[in-house]
Amino acid sequence: MGSGASSRAEIDDDDVTALADLGAAMRARRTQLGLTLSKLSDATGLSVPFLSQVETSFAAPSLISLFSIARALNTTPERLLAGPVSASVVVTASDQGPRYPVTDASDSATRRQLTGLGEPFSAAEYEVPAGADLGGFFSSDGREMIHVKVGRLAVDLEESESTVVTRELAAGDTIIYSTPVRHRWRHLGRSTTRFVHVSVAET
């Protein structure tokens, strides 16, 4: 079984609190469902030691690993990632917000969480250096928007088993689509791409 993690030693000090919040949210949800770490390991393919390290904030999962954990816990990565909302107005500075690798690859893109729990949507900023890994096709329940700030991005939408439609986005472009459609993101060009991703779960 894989680990799918970054060690705590590799995590910036500013993200330690966010990592603790993630571990607490994961442990609370697992306990609520009456699942042992062993059962969660069987459901996700991730090792028990790794899952224990995530819950005790000694390891940070990639977003791909977090999707597996969220599915097994019948929740969403956004719910597990989001920290608490402490005020009616929340400002996240450019150097704030917990950062997570998107995949387990060494050249993974990075996600910065911008919203906390209690919001009607989840927002994150992605930084994708040239050639960075954004993972494969995936789907979820809801709708999402991508707005490209810098660089270029391809969004592949699988309309059927044999048909994939690609939308190429440049800086300033926006796309909105339903997430039950299997989709993936791909970096285009030679410069770093940055985009904002906003998702709303289906109610």
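## Helix 1

Thr 17, Thr 31 and Gln 32 are exposed on one side of helix 1, the side away from its buried residues. This is a predicted model. Helix 1 runs over residues 16-33, which is 18 residues. From the first C-alpha to the last, helix 1 reaches 26 Å, close to the 26 Å expected at 1.5 Å a residue.

The buried residues of helix 1 are Ala 18, Leu 19, Leu 22, Gly 23, Met 26, Arg 29 and Arg 30. They lie on the same side of helix 1 because the arc they cover around the axis is only 140°. Their packing partners are helix 2 (37-44), helix 3 (48-55), strand 2 (59-61), helix 4 (63-72), helix 5 (77-81) and strand 3 (99-101). After helix 1 comes Gly 34, which has a positive phi, near 75°.

## Helix 2 and helix 4

In helix 2, the buried residues are Leu 37, Leu 40, Ser 41 and Thr 44. Viewed down the axis of helix 2, these buried residues fall within an arc of 105°, so they line one face of the helix. Lys 39, Asp 42 and Ala 43 are exposed on the other side of helix 2. The buried residues of helix 2 pack against helix 1, helix 3 and helix 4. Gly 45 follows helix 2, and its phi is positive, near 80°.

Thr 44, one of the buried residues of helix 2, can be set beside Arg 71, a residue of helix 4. The C-alpha atoms of Arg 71 and Thr 44 are 8.3 Å apart in space, while the two residues are 27 residues apart in sequence. Arg 71 has a relative accessibility of 57% and therefore counts as exposed.

## The sheet of 6 strands

One open sheet has 6 strands in the order 3-4-5-11-6-9, with antiparallel pairing. Strand 3 and strand 9 (174-178) are at the edges; each has a single partner strand, so one side of each is left without a neighbour in the sheet. Neighbouring strands of this sheet are turned against each other by 25° on average, direction ignored.

At one end of the order 3-4-5-11-6-9, strand 6 pairs with strand 9 in the antiparallel sense over 5 bridges. Ile 146 stands opposite Ile 175 of strand 9. Strand 3, at the other end of the order, is also among the elements that the buried residues of helix 1 pack against.

## The sheet of 3 strands

Another open sheet has 3 strands in the order 8-7-10, again with antiparallel pairing. Its edge strands are strand 8 (163-170) and strand 10 (183-188), each of which pairs on one side only. The twist from one strand to the next averages 25°.

Strand 7 covers residues 152-160 and pairs with strand 8 in the antiparallel sense over 8 bridges. Ala 154 stands opposite Glu 168 in strand 8.

## Aromatic pairs

The structure holds 5 aromatic pairs. In one of them, Phe 67 and Phe 138 are tilted, with 5.5 Å centre to centre and 50° between the planes. Phe 67 is in helix 4 and Phe 138 is in the loop between strand 5 (122-128) and strand 6 (142-150), so this pair ties together parts 71 residues apart in sequence. Phe 67, at 17% relative accessibility, counts as buried. Phe 138 is also buried, with a relative accessible area of 18%.

Phe 138 has a second ring partner, Trp 185: the centres are 5.7 Å apart and the planes are at 80°, so the pair is edge-to-face. Trp 185 lies in strand 10, and this pair links distant parts of the chain, 47 residues apart. Both Phe 138 and Trp 185 are buried. Phe 67, Phe 138 and Trp 185 belong to one aromatic cluster, which also includes Tyr 126 and Phe 195.

## The chain as a whole

The protein chain has 5 helices and 11 strands. Of its 203 residues, 41% are buried. Among contacts in the protein chain with a separation of 6 or more, 67% are between residues 24 or more positions apart.

Methods: Residues numbered from 1 in each chain as written. Predicted model: local features only at pLDDT ≥ 70, side-chain atom pairs only at ≥ 80, totals over all residues. Heavy atoms only, no water. Pairing = 2+ DSSP bridges. Helix = DSSP H or I, 4+ residues; strand = E, 2+ residues; numbered from the N terminus. Axes fitted to C-alpha atoms, helices over the stretch in contact; angles between N-to-C directions. Expected span 1.5 Å × (residues − 1). Buried < 20%, exposed > 50% of the residue type's maximum accessible area, 1.4 Å probe, protein only. Arc of directions from axis to C-beta. Contact = heavy atoms within 4.5 Å. Phe/Tyr/Trp six-rings, centres within 6.5 Å; stacked < 30°, edge-to-face > 60°.
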